Amino acid sequence: MSKIAIFASGTGTNAARITEYFLQNNQSIHIDCFITNKANAGVYKVAERFDVPIFQFENSDFVKGDKLVNFLKERNISWIVLAGFLRKIAPTLIQNFNNKIINIHPSLLPNYGGKGMYGKYVHQAVLKNEESESGISIHLVNEAFDEGEILFQKSCSIEEGETVESLAKKIQQLEHHYFPKVIEERVEAFLKEEK
Ligand code: GRF
């Protein structure tokens, strides 16, 4: 059984979708817990709905990382999924979970990534530059923000009259559809290599 911890500080719609996907389709992959840095994050409701334990850590714990590494190791977690988690990940976490931290970003990286590029700011910048398409990127996390190896990308076209809201909706649909499958593929590929 491969255990995943999902880090989320937002509404948690991806956390919900991922949890639901594995419960319904593949129980050899288990969402063990959610980790958050925000007391009132929407992901608490998701945790309650799916009966997944949720743990809040201080922002400083994400900066240092040791406490989290110990915590995750004690729970036998082998993968970390970042689903709307905005804090930078401590180097010690990256070293201890080498190539096993997966993030999703709501643009076609390397475009519209990096500092300040999250949520609606990404879509605003994309529309301001009159791009003809945007999309999602699912990538491994390394020490450079939004620059780890890209595992998967999917684009969507931008129509005339597209708004931040309509684009955000399109992107969210792509995220919910592809993110669980890409996680599953990656975890299973890794298990095969280990055999
Ligand atoms: C997603 O758009 C994801 O790409 C980004 O943060 C957002 C999280 O949304 N990293 P939610 O909290 O899963 O609804």
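Modeller: Before we start, a polar contact here is a pair of N or O atoms within 3.5 Å. Keep in mind that this is a predicted model.

Colleague: Okay, how far is the backbone N or O atom of Gly-12 from an oxygen atom of the ligand?

Modeller: Polar contacts have to fall within 3.5 Å. The pair made by a backbone N or O atom of Gly-12 and a ligand oxygen comes in at 2.8 Å.

Colleague: And which residue has a polar backbone atom 3.0 Å from a nitrogen atom of the ligand?

Modeller: Asn-14 also offers a polar backbone atom, but that one lies 2.8 Å from an oxygen atom of the ligand. For the ligand nitrogen, the partner at 3.0 Å is the backbone of Ile-104.

Colleague: How much of the ligand does the protein bury?

Modeller: The ligand sits in the largest pocket. On its own it would expose 370 Å², and the share of that buried by the protein is 81%.

Colleague: Which elements give two or more residues to the shell around the ligand?

Modeller: The residues around the ligand include Thr-13, Asn-14, Ile-104 and His-105. By class, the shell has 2 nonpolar, 7 polar and 1 charged residues. The elements you're after are helix 1 (13-25) and strand 5 (101-105).

Colleague: Switching to aromatics, how many residues apart in sequence are the parts that the pair Phe-7 and Phe-62 ties together?

Modeller: The whole structure has 10 aromatic pairs. Phe-7 and Phe-62 make an edge-to-face one, with 6.0 Å between centres and 75° between planes. Phe-7 belongs to strand 1 (residues 2-7) and Phe-62 to helix 3 (residues 59-64), so the pair links parts whose separation in sequence is 55 residues.

Note on methods: Residues are numbered from 1 along each chain as its sequence is written. This is a predicted model: local features need pLDDT of at least 70, side-chain atom pairs count only at pLDDT 80 or more; totals for chains, interfaces and linings use all residues. Side-chain values use heavy atoms; hydrogens and water are left out. A residue is near a molecule or strand if one of its heavy atoms lies within 4 Å of it. A polar contact is a pair of N or O atoms within 3.5 Å; within protein, one must be able to donate a hydrogen and the other to accept it, and residues adjacent in sequence count only if both atoms are side-chain atoms. Accessible areas come from the Shrake-Rupley method with a 1.4 Å probe; for residues, only the protein chains shown count as cover. On a 1 Å grid over the protein atoms alone, a cavity is a set of points where a 1.4 Å probe fits but cannot get out, and a pocket is an open set with protein on both sides within 12 Å along at least five of seven lines; lining residues have an atom within 4 Å of a point. A molecule sits in a cavity or pocket if more than half of its atoms lie within 2 Å of its grid points. Helices (H or I, at least four residues) and strands (E, at least two) are DSSP runs, numbered from the N terminus. Ala, Val, Leu, Ile, Met, Phe, Trp, Tyr, Cys and Pro count as nonpolar, Asp, Glu, Lys and Arg as charged, and the others, Gly among them, as polar. Rings of Phe, Tyr and Trp (its six-membered ring) pair if their centres lie within 6.5 Å; planes under 30 degrees apart count as stacked, over 60 as edge-to-face and the rest as tilted.
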